Amino acid sequence: MTTIPTTPIDGQKPGTSGLRKKARVFMEPHYLENFVQAIFDGIGGIAGKTLVLGGDGRFHNDVAVRTILRMAAANGAAKMIVGQGGLLSTPAASHLIRLHETDGGIILSASHNPGGIDEDFGIKFNTPNGGPAPESVTDAIYARTKTIDSYQILEGDAPDIDAIGNSTLGDMAVEIVDPVTDYADLMEELFDFAAIRALFADNFTMQFDAMNAITGPYGREILEDRLGAPKGTVVHDTPLPDFGGMHPDPNPTWAHELMDVMFADDGPDFGAASDGDGDRNMIVGRRCYVSPSDSLALIAAHATVAPGYKKGLSGVARSMPTSAAVDRVAAALDLPCFETPTGWKFFGNLMDDGQVALCGEESFGTGSDHIREKDGLWAVLMWLNIIAATGQGVAELLKAHWATYGRNYYSRHDFEAIPTDQADVVFDGLRDRLGDLVGQSFGDLTVSAADEFSYNDPVDGSVSHQQGLRVMFEDGARFVLRKSGTGTTGATLRLYLEILEDDPELLDQDAQDALANVIAAAHTILGFEAAIGRTTPDVVT
Ligand code: G6P
Ligand code: ZN
């Protein structure tokens with residue numbers, strides 16, 4: 001065991017979902033080691049503890065896994081449970097933490113950000129409930145990065161991480177597990193696999209785009225091997241260190257290959273994609289894109305068809321920028337409905353406390369209390385279960401949903417890699433004007449309220465301030481402005497747009513057309529053109 005002297009490295013502050021930087025930054029001397037030691041120290045040491053470890057297979061994953069194993073052994077950990085090859089999807093890692101009741105886990109991923117030596121890498125700690133560490137924990141980790149003066153590491157090689165089985169490293173036990181089996185078993189408990197198998201046996205066609213990221217092996221095992229979808233249903237199914245150059249973010253912009261397939265003549269009945277680490281999902285029907293907010297609402301309305309949810313949902317939650325479509329379902333079904341800040345970690349307390357069973361975010365995240373992360377394949381299987389149970393396709397299901405509950409037209413416009421000072425001009429400009437906007441009209445929209453969102457956690461009483469700026473209009477339309485907490489280059493401004501429509505004649509419009517007035521009002525108020533020199537977003541969801 002060696003104690004290596006080190007000095008604090010600036011900027012090791014975890015963002016929305018752990019510490020994310022360019023891979024080359026993580027490759028700088030002591031960078032990874034400092035942060036890992038800060039995690040260990042920040043959670044009160046890991047002597048005698050058991051942790052789960054794995055990542056999405058992006059560049060630097062294997063190197064980091066070996067380093068972390070050597071550091072864990074030197075820090076006195078009792079055992080590390082590691083996905084074979086260092087691979088674990090984020091949902092599978094969350095499940096393993098819960099299944100083995102470990103003291104938490106370390107997940108290596110920059111989620112939906114591109115991978116490769118010149119792209120992103122990331123690391124985060126999940127607590128024993130399987131969920132991302134809350135701010136109290138990440139604050140302690142960050143504080144430790146600012147005072148750290150040494151880290152512990154075992155000299156020599158880490159054990160082989162490619163072979164399933166048990167070994168030791170120093171005094172620490174190392175168990176290499178199949179990354180897929182336990183997770184696939186859990187899915188089989190939650191969903192009606194027989195009904196979905198019958199659907200595929202009846203020539204139902206699907207394309208699942210794993211985007212050369214972690215869900216390839218999971219998709220193959222669950223969809224093709226266990227559910228009988230034809231071989232080739234899962235495409236881009238080998239996790240590659242650079243994701244084969246794909247940007248593994250399942251949205252219409254980055255999953256455009258899937259969108260092309262789904263909007264072509266003779267496309268499959270159903271399409272889906274997941275992200276780098278497998279926690280996001282995009283659902284697409286034939287010529288029919290499903291907004292994540294609608295997906296959440298539709299799942300809330302139909303969840304009881306799945307065996308794991310047949311007793312009903314205790315409650316639902318959505319992040320603040322997510323549309324209020326799910327609120328309508330909750331009101332109709334008399335379910336408690338919570339509005340939290342962006343970030344899956346905010347759902348953890350509500351789920352642990354049994355207050356909500358289903359959660360979702362506009363950022364292509366949906367999941368339930370089966371684990372404490374959002375879960376891409378879970379959402380795909382839930383849709384398949386709903387399709388199998390109702391006998392309706394995606395477009396039919398959506399139409400029926402809107403006819404029952406009305407439609408919350410919704411879109412997110414992203415302006416990426418803006419110089420931070422320019423982004424601040426837009427953001428701070430709106431923040432300063434919030435009070436003055438009320439009562440002002442923009443086109444035929446009049447501002448009824450405007451504020452900066454704060455969240456009081458009803459379970460632990462913590463308060464999170466500055467969680468996004470909201471401008472509400474009189475007829476229920478609104479826009480929200482946030483700065484992304486997951487980007488690594490400059491600032492990304494996210495503009496979330498929503499309008500309610502109850503007129504049965506007006507439920508079938510293009511979302512951008514339906515939102516045109518809100519978009520125009522937002523641009524007038526925000527002054528994008530003057531501040532950042534452009535009005536066209538990089539990504540539209
Ligand atoms: C990660 C988190 C999500 C969150 C998203 C927001 O994916 O796991 O819970 O919604 O980041 O990212 P942003 O870039 O908008 O801060
Ligand atoms: Zn992700």
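This briefing describes the strands, helices and selected residues of one predicted protein model. An open sheet of 7 strands is treated first, followed by helix α14 and the strands β19 and β25. The later points concern spans listed in UniProt and individual residues, among them Asn-203, Ala-417 and Arg-220.

**The seven-stranded sheet**

- The strands of this open sheet are arranged in the order β2-β6-β5-β3-β4-β9-β8, and their pairing is mixed.
- Strands β2 (19-22) and β8 (165-169) form the edges, each pairing on one side only.
- From one strand to the next, the twist averages 20°.
- Strand β3 (residues 50-55) and strand β5 (residues 105-108) run parallel and are joined by 4 bridges. Within this pair, Val-52 of β3 stands opposite Gly-105 in β5.
- Helix α3 (residues 61-74) packs on the sheet, where it touches β3, β4 (79-87), β5, β8 and β9 (172-177). The direction of α3 makes about 170° with that of β4.

**Helix α14 and the residue after it**

- Helix α14 comprises 12 residues, 394-405. At 1.5 Å a residue it should span 16 Å, and its end C-alpha atoms are indeed 16 Å apart, so expectation and model agree.
- Which residues of α14 are buried? They are Val-394, Leu-397, Leu-398, His-401, Trp-402 and Tyr-405.
- These buried residues lie on the same side of α14, because they cover an arc of only 130° around the axis.
- Ala-403 and Thr-404, on the other side of α14, are exposed.
- Gly-406 follows α14 and has a positive phi, near 85°.

**Strand β19 and its partners**

- Strand β19 (residues 407-418) is mostly covered, with 9 of its 12 residues buried.
- β19 is joined by 10 bridges to strand β26 (residues 491-501), and the two run antiparallel. In this pairing, Tyr-409 stands opposite Ile-499 in β26.
- A further antiparallel pairing, of 2 bridges, links β19 to strand β27 (residues 539-540). Here Asp-414 stands opposite Val-539 in β27.
- Ala-417 is located in strand β19 and has a positive phi near 50°, although it is a residue other than glycine. With 12 C-beta neighbours inside 10 Å, Ala-417 counts as exposed, because the limit for that class is 12 or fewer.

**Strand β25 between β24 and β26**

- Strand β25 (residues 478-483) has 5 of its 6 residues buried, so it is largely enclosed by the rest of the structure.
- Strand β24 (residues 469-473) runs antiparallel to β25 and is joined to it by 4 bridges. Val-471 stands opposite Phe-479 in β25.
- The hairpin of β24 and β25 has 4 residues between the strands, and in this hairpin Gly-476 takes a positive phi near 95°.
- β25 also pairs with β26, again in an antiparallel manner, through 6 bridges. Arg-482 has Arg-494 as its bridge partner in β26.

**Spans listed in UniProt**

- An unreviewed UniProt entry lists residues 12-151, 182-284 and 293-405 under "domain: Alpha-D-phosphohexomutase alpha/beta/alpha".
- Residues 182-284 are 37% helix and 15% strand, and the end C-alpha atoms of this span are 27 Å apart.
- Residues 293-405 are 48% helix and 14% strand, with end C-alpha atoms lying 13 Å apart.

**Individual residues: Asn-203 and Arg-220**

- Asn-203 is found in the loop between α7 (193-201) and β10 (206-209). Its phi is near 70°, a positive value in a residue other than glycine.
- Is Asn-203 buried or exposed? Asn-203 counts as exposed, because it has 8 C-beta neighbours inside 10 Å.
- Arg-220 is found in helix α8 (residues 215-226). With 20 C-beta neighbours inside 10 Å, Arg-220 counts as buried, because that class begins at 20.
- Leaving aside neighbours within four places in sequence, Arg-220 is in contact with Asp-225, Val-234 and Asp-237.
- Arg-220 and Gly-406 are separated by 186 residues in sequence and by 37 Å in space, C-alpha to C-alpha.

Terms used: Residues numbered from 1 in each chain as written. Chains lettered and ligands numbered in written order. Predicted model: local features only at pLDDT ≥ 70, side-chain atom pairs only at ≥ 80, totals over all residues. Pairing = 2+ DSSP bridges. Axes fitted to C-alpha atoms, helices over the stretch in contact; angles between N-to-C directions. Contact = placed C-beta atoms within 7 Å. Expected span 1.5 Å × (residues − 1). Arc of directions from axis to C-beta. UniProt positions renumbered as here; feature names shortened; annotations may be inferred.
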